[in-house]
Structure formats: C-alpha cells, structure tokens
Amino acid sequence: METLLPKNITNTIDHWIQKFPQGKQRSAIIAALHAVQHHNKGFLTNDLLNQVADYIDVPKMNVYEVATFYSMFQTKPVGKHEIAVCNNISCMLRGSNEIIDHLEKKLSIGLGESTPDGNIFLKKEEECLAACTGAPMMMVDHIYIENLTIKKVDEILERLQKSND
Ligand code: FES
C-alpha cells in the first residue's frame, strides 16, 4: 500500500516513540495522530489510522480507540482550522454565547459545521477547558485563546482566512 505518512510526520512519530520505554510505543499514539491529523488538513481517515498503527507497530484497534475516544480527533472530513468555544459556566457568564453567535453569523455556519471552502470547522461547544480565569475562551487549532472579545475573534478569523498553513 502507498505510504500516506511523509518523512516529516514519521520523524515526529519517531521523536515521540523515543520518549517512552521500549515496548511502550503505544503511548505515542496521541502525538502521532495529532501530527497526522494536522498534515491531513484537520481529520483522520481509516487508511491513515491503519498506517499509524503499522508504523508504530501496535494493533489497529489501539489507534482506533484513541481516535474515536478523544474529541480532539476528527474522523470525518472537516475544515482545516478548528475553532472550539468553551461554553461552560465561567465562559457562559462572561459572554461565550455572544461569541458563538458572532462566529456562526460571521462564518454563516452552525456549530458542528465547516465553511464551504473547507477552511474553518466550528466545533460543537466544549466543556470547561480549565482556563476559567481567562473566560471567555476558545481553542483555535488546539491553542488556547483567552479573554475573548468580538474584536479579538474577528482578528483571529481574518488571520485564519489568510493563512495557508
Ligand atoms: S468554563 Fe470555560 S474554561 Fe472553564
């Protein structure tokens, strides 16, 4: 089968495997899937999961368990950049509903949907992401952005729309 894992991705996987004791390479699955998902523009396919399992040398089931358990992994096509707004109590009290409404209007999509150009995925609301002191907050491509305002959100959207990353 054609390899879907380029050298820079296998280098990243090797880097993580080396962090764990011999025979415990299963612990590198999360980091490997992060790298592969980013490389594949935001989501994982069965072929990619199978190749990660083969490369790490673990049963395929181990990789599927991780990919389908954690909400940070997407197993269906979604937009390249993921926006996930926390809407738990602290963020809600500090205006996360307005942030979500603004994002939905500005992007013309609802939660759980991607923009038609495939650039942005507006993930379903997150539970508390343990950054309550910076409420309201969201993750953009898994990076925390806190103390959100509508202006800050607009700046982020502008950056994502220009980004080729
Ligand atoms: S409630 Fe949003 S980070 Fe805790």
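## Surface and overall size

The protein exposes about 9400 Å², and carbon and sulfur atoms supply 53% of that area. Keep in mind as you look around that this is a predicted model. Of the 165 residues in the protein, 44% are buried.

To get a feel for the dimensions, picture a box laid along the principal axes: the C-alpha atoms fill roughly 45 × 35 × 25 Å.

## The order of helices and strands

Seven helices and five strands make up the list of elements in the protein. Walking from the N terminus, you meet them in the order α-α-α-α-β-α-α-β-β-β-β-α.

Contacts also link parts of the chain that are far apart in sequence. Taking the contacts in the protein with a separation of 6 or more, 61% are between residues 24 or more positions apart.

## Where H2 meets H4

A good place to begin exploring is helix H2, which covers residues 29–39. Its axis and that of helix H4 (residues 60–69) come within 10 Å and cross at roughly 70°. This angle makes H2 roughly perpendicular to H4. The crossing of these two helices, H2 and H4, is right-handed.

Which residues in H2 and H4 meet? On the H2 side they are Ile-29, Ile-30 and Leu-33, and on the H4 side they are Asn-62, Val-63, Val-66 and Ala-67. Sorted by class, the contact of H2 with H4 has six nonpolar residues, one polar and no charged.

## Where H2 meets H3

H2 also has a contact with helix H3, which spans residues 46–56. Here the axes come within 11 Å and cross at roughly 135°. H2 and H3 are therefore oblique to each other. The crossing of H2 and H3 is right-handed.

From H2, the contact is made by Ile-29, Ala-32, Leu-33 and Val-36; from H3, the partners are Leu-48, Leu-49, Val-52 and Ile-56. How do the residues of the contact of H2 with H3 divide by class, and what is the count of each? Eight are nonpolar, with no polar and no charged residues.

It is worth finding Ile-29 and Leu-33 on the model. These H2 residues meet H4, and they also take part in the contact with H3.

## A cis peptide bond

Now turn to the backbone. Most residues other than glycine have a negative phi, and most peptide bonds are trans. With that background, look at the bond joining Ala-135 and Pro-136: this is a cis peptide bond, with omega about -5°.

Where along the chain is Pro-136 found? Pro-136 sits in the loop between strand S3 (120–122) and strand S4 (138–140).

## Two positive phi values

Farther along, Asp-141 has a phi near 50°, a positive value in a residue other than glycine. Asp-141 has its place in the loop between S4 and strand S5 (143–145). Is Asp-141 buried or partly exposed? Its relative accessible area is 26%, so Asp-141 is partly exposed.

His-142 lies in the loop between S4 and S5 as well. The phi of His-142 is near 70°, again a positive value in a residue other than glycine. With 28% relative accessibility, His-142 counts as partly exposed.

Note on methods. Residues are numbered from 1 along each chain as its sequence is written. This is a predicted model: local features need pLDDT of at least 70, side-chain atom pairs count only at pLDDT 80 or more; totals for chains, interfaces and linings use all residues. Side-chain values use heavy atoms; hydrogens and water are left out. Axes are lines fitted to C-alpha atoms, for helices over the stretch in contact, and angles run from 0 to 180 degrees between N-to-C directions. Helices (H or I, at least four residues) and strands (E, at least two) are DSSP runs, numbered from the N terminus. Angles under 35 degrees count as roughly parallel, over 145 as roughly antiparallel, 65 to 115 as roughly perpendicular and the rest as oblique. A crossing is left-handed if the near helix is turned anticlockwise from the far one by less than a right angle, and right-handed if clockwise. Contact means heavy atoms within 4.5 Å. Ala, Val, Leu, Ile, Met, Phe, Trp, Tyr, Cys and Pro count as nonpolar, Asp, Glu, Lys and Arg as charged, and the others, Gly among them, as polar. Buried means under 20% relative accessible area, exposed over 50%, partly exposed in between (1.4 Å probe, protein chains only). Accessible areas come from the Shrake-Rupley method with a 1.4 Å probe; for residues, only the protein chains shown count as cover.
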